[in-house]
Amino acid sequence: MDTDQLIRTLAADNSHRARPVGFALMLALLAAAPVSLLMFFTELGVRPDVMIAMRNPFFDLKFAVTLALAISGIAVSLHLSRPEASLRGFGWWLLIPAGILTAGIGGEMMMPQRLPMMTRLVGKNSWVCMTAIPALSLPILAGALIGLRHGAPARPAVAGAIAGLLSAGLAATLYASHCTDDSPLFVATWYTIATALVTTIGALVGSRLLKF
Amino acid sequence: MRERDDEWTGLMRSAIAGDSAAYHRLLKAVTPVLRAAARRGLARAGQPVDQSEDIVQDILLAVHLKRHTWDVSAPFAPWLFAIARNKLIDALRRRGRRIFVDIDDFAETLPGEMPAETASASEVAAQLQTLPARQRDVLQSIAVESASIKDTAARFSMSEGAVRVALHRGLTSLTAKLREQ
């Protein structure tokens, strides 16, 4: 087929309209969410004292951090789905969850505490946290990558890593309602390790899957 | 350059709004620029430039299937060159060379150095043969025999909608096959 013939064929297909990447990502996340929710409610469940915990600002802070991570991850993912886009000028979105967490650590430091710092940092659920967040995020990551395949990222590994961040953010939002460790120090340590793991998986899979 | 870029952007906006003739004109207009850049990339990698047409077709397919990622309010050229650069790097890598491709390779092509098509492409044609019969028939009818969608529908006693679906699926799987090879 010569190039003129190909051009004629492409022009004939002009009436086909693809959905925007944001729409594809939303559909894929909505399809993946029930899987993670099912895993969460059958294996973990919300902590029993959740009504009391909600009055603890550090319990609420966990959701501010994880949701900020999820939302900024979605925003950056959609930005990077355009081939001419780069992280420049958009990377600061990812600093928002880190900033909230840092402020939380500062706030906790200024308050009198019953437990020493290392005890709060190590917590009781570090192992559950490090396995539950990656496990819960895998269905979401699969959905996110399938949705983002509609895009055209210039650097698929970077786009995959950001998909990992958004999946970890959503999974950690679920997990945070189960976990009884509310110290920002615990979040900064174990949630971060779990998120780094998911981000690495996202980068590895994305580098193949998101190539266009 | 500025004028050319504005013209492209205008054509692409019309194309997105449903004007297939504008889309055809746009693809015709960008092809020589893509060809010049592909040749330059191949030459710099020490590869025979007669493979440039395969790269051009690869870029055109990607432009077509990813055009929904273009922001209608943005200029078209940077988006086009980003797609083209990505595909050119891929093509050179597949031929075993890692090479730095500058975005200016596309942007700075002068009208005087735009070569006409000389060598024919073989990759798309080869992959075409591996498509399901229905998609291949539809693609061949429109591409080679330059039949309209309507004529193609009548010829294979399909509905026009079914022809459109087969055409789009054919182009999508053609692109997927090219990527996997």
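This short presentation describes a predicted model with two chains, A and B, beginning with each chain as a whole and ending with single residues.

Good morning, colleagues. I shall start with chain A. Its secondary structure comprises 9 helices and 0 strands, and read along the sequence the pattern is α-α-α-α-α-α-α-α-α. The C-alpha trace of chain A spans about 75 × 35 × 25 Å along its principal axes. Chain A has 212 residues, of which 46% count as buried. If we consider the contacts in chain A with a separation of 6 or more, 90% of them come from residues 24 or more positions apart.

Chain B has 9 helices and 0 strands, again written as α-α-α-α-α-α-α-α-α along the sequence. Of its 181 residues, 40% count as buried. Among the contacts in chain B between residues at least 6 apart in sequence, 64% join residues at least 24 apart.

The domain assignment divides chain B into domain 1, covering 2-119, and domain 2, covering 124-180. Where these two domains of chain B meet, domain 1 contributes 6 residues and domain 2 contributes 6 residues. On the domain 1 side of that contact there are 3 nonpolar, 2 polar and 1 charged residues.

Let me turn to the contact between the chains. Here 27 residues of chain A are in contact with 40 residues of chain B. Which helix supplies the largest share of the side of chain A that touches chain B? That share, 9 residues, comes from helix 1 of chain A, residues 3-12. By class, the side of chain A that touches chain B holds 13 nonpolar, 8 polar and 6 charged residues.

I now come to helix 9 of chain A, residues 184-209, and its packing against helix 5, residues 95-109. In general, a pair of packed helices is described by the angle between the axes and the distance between them. For helix 5 and helix 9 of chain A, the axes come within 8 Å and cross at roughly 140 degrees. Helix 5 of chain A makes this contact through Leu101(A), Gly104(A), Ile105(A) and Glu108(A), while helix 9 of chain A uses Pro184(A), Leu185(A), Val187(A) and Ala188(A). Sorted by class, this contact has 6 nonpolar, 1 polar and 1 charged residues.

What span should helix 9 of chain A have, given its 26 residues? At 1.5 Å a residue, the expected value is 38 Å, and the end C-alpha atoms are 35 Å apart, which agrees. Helix 9 of chain A also bends by about 25 degrees at Thr192(A).

Further along this helix of chain A we find Val198(A). Is Val198(A) buried or exposed? Val198(A) has 27 other C-beta atoms within 10 Å; because a residue with 20 or more such neighbours counts as buried, Val198(A) is buried. Setting aside neighbours within four places in sequence, Val198(A) is in contact with Pro134(A), Ser137(A), Leu141(A), Gly164(A), Ser167(A) and Ala168(A). Val198(A) and Phe40(A), which are 158 residues apart in sequence, have C-alpha atoms 17 Å apart.

In chain B, I would draw attention to helix 4. Its 19 residues should span 27 Å at 1.5 Å a residue, and its end C-alpha atoms are 27 Å apart, in agreement. Helix 4 of chain B is mostly covered, with 14 of its 19 residues buried. After helix 4 of chain B comes Gly96(B), which has a positive phi near 85 degrees.

Ahead of that helix, Asp71(B) sits in the loop between helix 3 (52-65) and helix 4 (76-94) of chain B. Asp71(B) has 11 other C-beta atoms within 10 Å and is exposed. Its C-alpha atom is separated by 9.7 Å from that of Arg13(B), 58 residues apart along the chain.

Finally, two serines of chain B deserve inspection for their backbone angles. Ser146(B), although not a glycine, has a positive phi of about 45 degrees. Ser146(B) is placed in the loop between helix 7 (133-143) and helix 8 (149-155) of chain B, and with 13 C-beta neighbours inside 10 Å it counts as partly exposed. Ser157(B) has a phi near 40 degrees, again positive in a residue other than glycine. Ser157(B) lies in the loop between helix 8 and helix 9 (160-180) of chain B. With 7 other C-beta atoms within 10 Å, Ser157(B) is exposed.

Thank you for your attention.

Definitions and conventions:
Residues numbered from 1 in each chain as written. Chains lettered and ligands numbered in written order. Predicted model: local features only at pLDDT ≥ 70, side-chain atom pairs only at ≥ 80, totals over all residues. Domains from an automatic or database assignment. Contact = placed C-beta atoms within 7 Å. Nonpolar A, V, L, I, M, F, W, Y, C, P; charged D, E, K, R; others polar. Helix = DSSP H or I, 4+ residues; strand = E, 2+ residues; numbered from the N terminus. Buried ≥ 20, exposed ≤ 12 C-beta atoms within 10 Å, placed from the backbone. Axes fitted to C-alpha atoms, helices over the stretch in contact; angles between N-to-C directions. Expected span 1.5 Å × (residues − 1). Bend = angle between axes of the 7 residues up to and from the residue.
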